[in-house]
Amino acid sequence: MRVLVACEFSGTVRRAFAALGHDAWSCDLLPAEDGSNQHLIGDARQFLRDGWDLLMVAHPPCTRLCNSGVRWLKVPPKGKTLKQIWRELDEACALFSDFWNAPIERVCIENPVMHGHAKKRIVNYAPFAQSVQPWQFGHPETKRTCLWLRGLKPLVPTQVVEGRIARVHRMPPGPFRQRERSRFFSGVADAMALQWGGVDA
C-alpha cells in the first residue's frame, strides 16, 4: 500500500509500515527526525490527492480541539486574545475536516477527546471509533488516545502490560514538552501496520 503518515516528524508510524514492505511516507512542517528520504516537508493537505491507499494522521495540532483546553475559549491564556483563540479553533477544525474528508479510502486520525464547539465545526463529523492506551500495546504508560476511523477496523490490543505510569502527563515544562508529548508509541504503530496493512483490514 501507499501510506501517508501526516503530522509526523519522528517516523515512528512510517517505519512500522515500511518494515512490512509498504510504500510509507511521513509528512510534517519539521524535517524527519531520523533523516529519512521518505519524508515530505510542508502542509500535508497539499499531498492528499497523490494516490494514497491509507492516511494516518499521527498527531494533528489538538490544543484547541481537546476537552482539556476548552476553558481557553472563555478566558484566553496569557498573551492571547479570545479572537485569536477562536480563530485557532476554526483553523484546527478545518485541518481535521480536510483530513477526515480526504479522497483516500482508509483514514485514521489520532486526537484526544473533543469538546462540542469543535464537533460542530468539523465537516461530516462522526464520533471517534475507539480509544486506546499505550499499556494495551506493550508500553507501561497511560495516555488515552481517541482514533477516528474510516474504512478501518478498530485496533485489537497486542500486549497488555502492568505498571501504568502517566509519564507524558507528568512531563515538566520546557521548550520541548509539546513535541515530546506528541511522540507516538511504537507498539501502537506496529499494531496499526500489522492490522491495517492487509487488503482485508
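1. A polar contact, as the term is used here, is a pair of N or O atoms within 3.5 Å, of which, within protein, one must be able to donate a hydrogen and the other to accept it. In this predicted model, such a pair involves the start of the chain, where the backbone nitrogen of Met-1 lies 3.0 Å from a polar atom of the side chain of His-22. His-22 itself belongs to the loop between α1 (12–18) and β2 (23–28), and, with a relative accessible area of 13%, His-22 counts as buried because the limit for that class is under 20%. When neighbours within four places in sequence are left aside, the residues in contact with His-22 are Met-1, Val-3, Phe-17 and Gly-197.

2. For a reader coming to the fold as a whole, the protein has five helices and seven strands, and from the N terminus on these elements follow the order β-α-β-β-β-α-β-α-β-β-α-α. Of the 201 residues in the protein, 48% are buried. Among contacts with a separation of 6 or more, 60% are made by residues 24 or more positions apart.

3. The largest nonpolar core holds 31 residues, and those with the most contacts inside it are Leu-4, Leu-55, Leu-65, Phe-96, Phe-99 and Ile-109. At least two residues of this core are supplied by each of β1 (2–6), β2, β4 (54–57), α2 (82–100), β5 (106–111) and β7 (145–150), with α2 giving the largest share, eight residues. Apart from this core lies another one of 24 residues, which includes Val-5, Phe-137, Met-192 and Trp-196.

4. Leu-65 deserves a separate look, since its contacts can be listed in full: not counting residues up to four places away in sequence, Leu-65 touches Leu-89, Ala-92, Cys-93, Phe-96, Asn-111, Val-113, Met-114, His-115 and Ala-118.

5. In helix α5 (residues 186–196), the buried residues are Gly-187, Val-188, Ala-189, Ala-191, Met-192, Ala-193 and Trp-196. These buried residues of α5 pack against α1, β4, β5 and β7. Two residues of this buried set, Met-192 and Trp-196, are also among the members of the 24-residue core.

6. Which residues line the second largest pocket? The lining is formed by Arg-45, Pro-61, Cys-62, Thr-63, Arg-64, Glu-88, Glu-91, Ala-92 and Leu-95, and the pocket has a volume of about 160 Å³. Sorted by class, this lining has four nonpolar, one polar and four charged residues. Ala-92, one of the lining residues, is also touched by Leu-65.

7. Two residues other than glycine can be read side by side for their positive phi. Cys-7, in the loop between β1 and α1, has a phi near 60°, and Asn-124, in the loop between α3 (116–121) and β6 (130–132), has a phi of about 60°. As to accessibility, Cys-7 is buried, with a relative accessible area of 17%, whereas Asn-124 counts as exposed at 55%.

8. Asp-34 lies in the loop between β2 and β3 (39–41) and counts as partly exposed at 36% relative accessibility. Although Asp-34 and Ser-10 are 24 residues apart in sequence, their C-alpha atoms are 6.7 Å apart in space. Leaving aside neighbours within four places in sequence, Asp-34 is in contact with Ser-10, Gly-11, Arg-14 and Arg-15, while its side chain also reaches the backbone nitrogen of Ser-36 at 3.1 Å.

9. Is Trp-135, which sits in the loop between β6 and β7, buried or exposed? Trp-135 is buried, because its relative accessible area is 19% and the class takes in values under 20%. Not counting residues up to four places away in sequence, Trp-135 touches Glu-141, Thr-142, Gln-159, Val-160, Val-161 and Arg-164. Trp-135 and Pro-157 are 22 residues apart in sequence, and the distance between them, C-alpha to C-alpha, is 8.9 Å.

10. A last loop residue to check is Pro-77, which lies between β4 and α2 and, at 18% relative accessibility, counts as buried. Once neighbours within four places in sequence are left aside, Pro-77 is in contact with Trp-72 and Ile-85.

Terms used. Residues numbered from 1 in each chain as written. Predicted model: local features only at pLDDT ≥ 70, side-chain atom pairs only at ≥ 80, totals over all residues. Heavy atoms only, no water. 1 Å grid on protein atoms, 1.4 Å probe; cavity = no way out; pocket = protein on both sides within 12 Å on 5 of 7 lines; lining within 4 Å. Points joined across faces, edges and corners; volume = space filled by probe spheres on them. Nonpolar A, V, L, I, M, F, W, Y, C, P; charged D, E, K, R; others polar. Helix = DSSP H or I, 4+ residues; strand = E, 2+ residues; numbered from the N terminus. Buried < 20%, exposed > 50% of the residue type's maximum accessible area, 1.4 Å probe, protein only. Contact = heavy atoms within 4.5 Å. Core = buried A, V, L, I, M, F, W, Y, C linked by side-chain atoms within 4.5 Å.
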